[in-house]
Amino acid sequence: MDDFLRLSATTARFTYGAPRAFTFGDDARLLWFLRSTGPTDPFDSLWVLDTATGAESRLADPRELCPEPGPLPVAERRLRQRIRLVAAGIGSYALSGDGLRAVFALYGRLFEVAADGGAPKEIPAAGPAMDPRPNADGSRTAYVADDALYVAPGGRVSPDDGARWGVAEFAAAEELHRARGHWWSPDGVTLLAARVDESALQRRYFTDPAHPELPAEDFAYPVAGGPNADVQLWVLGAGAGASEGEGGGGEGTRIRLDWDAATYPYVSDAGWESAEEILLTVQDRLQQTVLLLSADPATGRTRELSRTTHPQWVDPLVPGTPARLADGRMLTAADTPGGAARALAVDGELLTGDGIQVRRVAGVHEDRLLVEAALRDPSEQQVLLLDPATGELAPVADGPGVHTVSASAGTLLLTSADADGVRRLVRTADGRELVPADLSEPMPYRVVPILERVTEHGIPTALVLPRDHVPGRRLPVLMDSYGGPCAQDVSAEPRRWQARQWWADQGFAVVTVDNRGTANVSPAHTHAMYRGFSDVTLDDQVAALHALAARHGDLDLGRVGVRGWSYGGYLAAMAVLRRPDVFHAAAAGAPPTDFRYYDTAYTERYLGLPQDHPEVYERDSLIADAPGLSRPLLLITGLADDNVHPSHTLRLSQALTDAGRPHQLLALPGVTHMLPGGNREKLMALELEFFRRELA
C-alpha cells in the first residue's frame, strides 16, 4: 500500500480528529460536539465549547469509561449501517431540553454527563441499550433494549406484544431519513413511540465463511413488491408497559395515533410541536403524496395540514419542511413550474423561484429563514437569509464552495468547504468569532477539478488530471461516478476529490458524471430517471464522456475503465455488459444487479411496483446481460453487506459462469457496505493492478 492509501486508511479518509455532530445548548452558550484526539485516533469523545469564553472541555472519554469495549448491540450496529456511521467510541449523543446535559450509549451501556462539571455517570439499563434520549429537564432517559422501550428511572413502557418498539424500521432509516423511533413530550412525562411489526417481511441471512462454527445472522428485509413493516405511532404514559388500558392520556395509558396507514404507510418524520400537538409526516407507498398531519396526543385523532403531490415521486423533502411559521402559516417544499428549481412555498404560494435551488431550511435567524441553497453552479451551496414575507434574499456565506449552517439564539455555526479544506466558524449573537479546533490530518492534495456542463441536458461533469500532466500526452480514462438517484458526486466538497486525485496521479484522466436522475441540479433533472434506471444512466454517462473528450484531446477513448460502488457498481457492471464499444474494463463493487431483490422504499419510488411494471424491472436487471460479457469485469462484494446483499453479486457471477463468460470475483468476509477500517484503500490497490493490466 502506497503512502496516500496508508494515510487515507489510518486517518479514516482524513476525518479522524475533525469535530462533528454539533448541537447548541443553553441558548447557544454551549456548543456540544464529538471529536477524537488526533488524526489517527478513531475513538470519538464528547466535548463542549463554551461560547462565552471560547474554552473547550472534554466531558467524556470512551476509553476511560470502557477500557475493554464489548460488541455493539446488534440493533445499534445495524442502525449505524443505515446512517453510515463508522466512528468508534461515542457515536452519537442527545441533549436534555435545556441543553445542559447529554446522554449517550457506549457498547450497550448508558451514560449521562453535565456540561458544567462532574464525571460521567452510568445509567442502569435493562439490557444492552441504544438510542438514549433525555427528557426536557434531564431527569429521565428513554432508551431501547432488546426491541423494547424503557425509561430510567422507571422501567419498561412498551407492551410485550411481539413488535419492536422505539426504533426506526429498515425503510425509514435507510431510505426515508428517519433514524429514530421515540420522542419525549415537552413536559417529559409521556413518550411518542413507533411500534414496528416486521412479521410479514422476508428474512435475509448472513453467514461468515471464515468462521463456519458461528451461527447465521438474520434480519427482516422489505423486498420490492413485497410487504413493508407495519408502523404505528403510540403515545405511551409512564407505566404503559404494564397497563392494558387505553385512553385518557395519563400515566399507564396507551393512545394510538389514527391516520389512513393503509394508504400512507411510510412515516418519514414525527415529533412534538407542543404539549397539545404532535406533527407527523406520512407518505403513500409510491411516495407520490406526502401529508403533514397534526395529531392530538390525548385522543390520537389527526387532521391534514398540508399535502404535497407529484405525478412521478415527491423528492425527499427539503430538511426543515414542512413546518409551521411563527404566524401560523405552513412552509413547504415545492417545484417551480416545469421543474426548473426546488423551491419553498408558504400556504401553497411559491416563495422562491427558478434562480435558487433550495436544499435545507436550517431555522430562523433575525426573524428570517436561514436557508442552504445553490445560487450558481450545482456543485456549490450558499447560506442565505430569506424573508418569508417578501422572498427577499440576503447572503450569509456565499463564496465559492459548499457552505452549511446551524443556528440557535442568534448564534451561528458556519462550515465552509472548498479546495483549501474545511473551516468552521462560530459567530455569536454579540459579534464574536470562535473556531472549534480541528485535529484532523490536512488533506494531501489541493484539487481543483475541471467542472463543465455538457450535452443538451447540461449534465455536470468533473475532470481530474495527473498533477504532472503534460498537455499532449494521451491518458487512459477512468470513469468514477455514482450515478444513482438523489445523490450528487460533482461537488466542491474537497474530501471527495482526494482519492480521485490519487487515481489521476497513477496515470488516468478521472471523469465523474452526474447523469440525469442525480440530485441538486433541478427537479426535472432528477425525475428524468422515472420508471427506468439503466437507459438514462448509461446514455448520459456515454454522452458526457464523448463531450468531454471532444473538448479535452488528451482523453484516450480507446482505453476507458469504469469503477464504482453500490449504484456506482451497478453502473460499472452495466457499462461493460451493454456498451463494450465504449468501456473496456470495469470494477463493480456491491452492485444491485436486480432491483427485484432490493428494498421497497427506494426501488418503488423510482420504478413503481414490480408486479405493475415487470418490464421496467426486467430492463434494469443485469442478469440477462451476462452471456454478452466481452470485457474484463471485476466483481466485489462484502459478505456482511445488509444493504446490497451479496446475493446480488453472486447471482450475476453465477449467470456469467453458466454462460461461460470469464470474470473475477472478490468476496470479502465480514465486510459491510461502508468499507471502513482501511478496506476501501486495500480495494483501491487491487483495482489499480486490475486497471493497469486491462488498460495497458
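Proline 153 lies in the loop between β12 (148-152) and β13 (164-165) of this predicted model. The peptide bond that leads into proline 153 from alanine 152 is cis, with omega near -5°. A second cis peptide bond joins threonine 321 to proline 322, where omega is about -10°. Proline 322 is likewise placed in a loop, between β23 (302-309) and β24 (323-324). Most peptide bonds are trans, and most residues other than glycine have a negative phi.

Positive phi values occur at several positions in the backbone. Aspartate 27 has a phi near 55°, a positive value in a residue other than glycine. This aspartate 27 is found in the loop between β1 (20-25) and β2 (30-35). Its relative accessible area is 68%, so aspartate 27 counts as exposed, the threshold being over 50%. Aspartate 347, also not a glycine, has a positive phi near 50°, and its place is the loop between β26 (342-346) and β27 (349-350). Glycine 507, just after helix α5, takes a positive phi of about 110°.

Aromatic contacts were examined next. The count comes to 29 aromatic pairs. In one of them, the rings of phenylalanine 4 and tryptophan 502 have centres 6.4 Å apart and planes at 20° to each other, so the pair is stacked, since planes under 30 degrees apart fall in that class. Phenylalanine 4 belongs to helix α1 (residues 3-10) and tryptophan 502 to helix α5 (residues 498-505), so the pair ties together parts that are 498 residues apart in sequence. Both phenylalanine 4 and tryptophan 502 are buried. Another pair is formed by phenylalanine 33 and tryptophan 47, whose ring centres are 6.4 Å apart and whose planes lie at 10°, so this pair is stacked as well. Phenylalanine 33 is in strand β2 and tryptophan 47 in strand β3 (residues 43-50), and the two residues are 14 residues apart. Phenylalanine 33 has a relative accessible area of 0% and is buried. Tryptophan 47, at 13% relative accessibility, also counts as buried, because the limit for that class is under 20%.

Tryptophan 47 has a charged partner in addition to its aromatic one: arginine 35 lies over the face of the tryptophan 47 ring, at 4.1 Å from the ring centre. A similar arrangement involves arginine 500, whose charged end sits over the ring of tryptophan 497, 5.1 Å from its centre. Beyond these pairs, Trp313, Tyr482, Tyr530, Phe533, Tyr567, Tyr570, Phe595, Tyr598, Tyr602 and Tyr606 form one aromatic cluster.

Helix α5, which holds tryptophan 502, was then considered as a whole. Of its 8 residues, 7 are buried, so α5 is largely enclosed by the rest of the structure. The buried residues are Gln498, Ala499, Arg500, Gln501, Trp502, Trp503 and Ala504. They pack against α1, β37 (459-464), β38 (475-480), β39 (509-513), β40 (555-565) and α12 (679-694).

Helix α9 (residues 600-607) is also mostly covered, with 8 of its 8 residues buried. Two members of the aromatic cluster, Tyr602 and Tyr606, are among the buried residues of α9, as are Glu604 and Arg605. The elements against which the buried residues of α9 pack are α4 (170-175), β20 (266-274), α8 and α10 (614-620). Tyr606 and Leu607 are in contact with arginine 531, which also touches Gly608, His613, Val616 and Arg619, its neighbours within four places in sequence being left aside. Arginine 531 itself is found in the loop between α6 (523-527) and α7.

The packing of two helices is described by the angle between their axes and the distance between those axes. Helix α7 (residues 534-551) and helix α8 (residues 567-578) pack at an angle of about 75°, with their axes 10 Å apart. The angle makes α7 roughly perpendicular to α8, a class that covers 65 to 115 degrees. On the α7 side the contact is made by Ser534, Thr537, Leu538 and Gln541, and on the α8 side by Tyr567, Tyr570, Leu571, Met574, Ala575 and Arg578. By class, this contact of α7 with α8 has 6 nonpolar, 3 polar and 1 charged residues. Tyr567 and Tyr570, on the α8 side of the contact, also belong to the aromatic cluster.

Terms used:
Residues are numbered from 1 along each chain as its sequence is written. This is a predicted model: local features need pLDDT of at least 70, side-chain atom pairs count only at pLDDT 80 or more; totals for chains, interfaces and linings use all residues. Side-chain values use heavy atoms; hydrogens and water are left out. Axes are lines fitted to C-alpha atoms, for helices over the stretch in contact, and angles run from 0 to 180 degrees between N-to-C directions. Helices (H or I, at least four residues) and strands (E, at least two) are DSSP runs, numbered from the N terminus. Angles under 35 degrees count as roughly parallel, over 145 as roughly antiparallel, 65 to 115 as roughly perpendicular and the rest as oblique. Contact means heavy atoms within 4.5 Å. Ala, Val, Leu, Ile, Met, Phe, Trp, Tyr, Cys and Pro count as nonpolar, Asp, Glu, Lys and Arg as charged, and the others, Gly among them, as polar. Buried means under 20% relative accessible area, exposed over 50%, partly exposed in between (1.4 Å probe, protein chains only). Rings of Phe, Tyr and Trp (its six-membered ring) pair if their centres lie within 6.5 Å; planes under 30 degrees apart count as stacked, over 60 as edge-to-face and the rest as tilted. A charge sits over a ring if NZ of Lys or CZ of Arg is within 6 Å of the ring centre and within 35 degrees of the ring normal.
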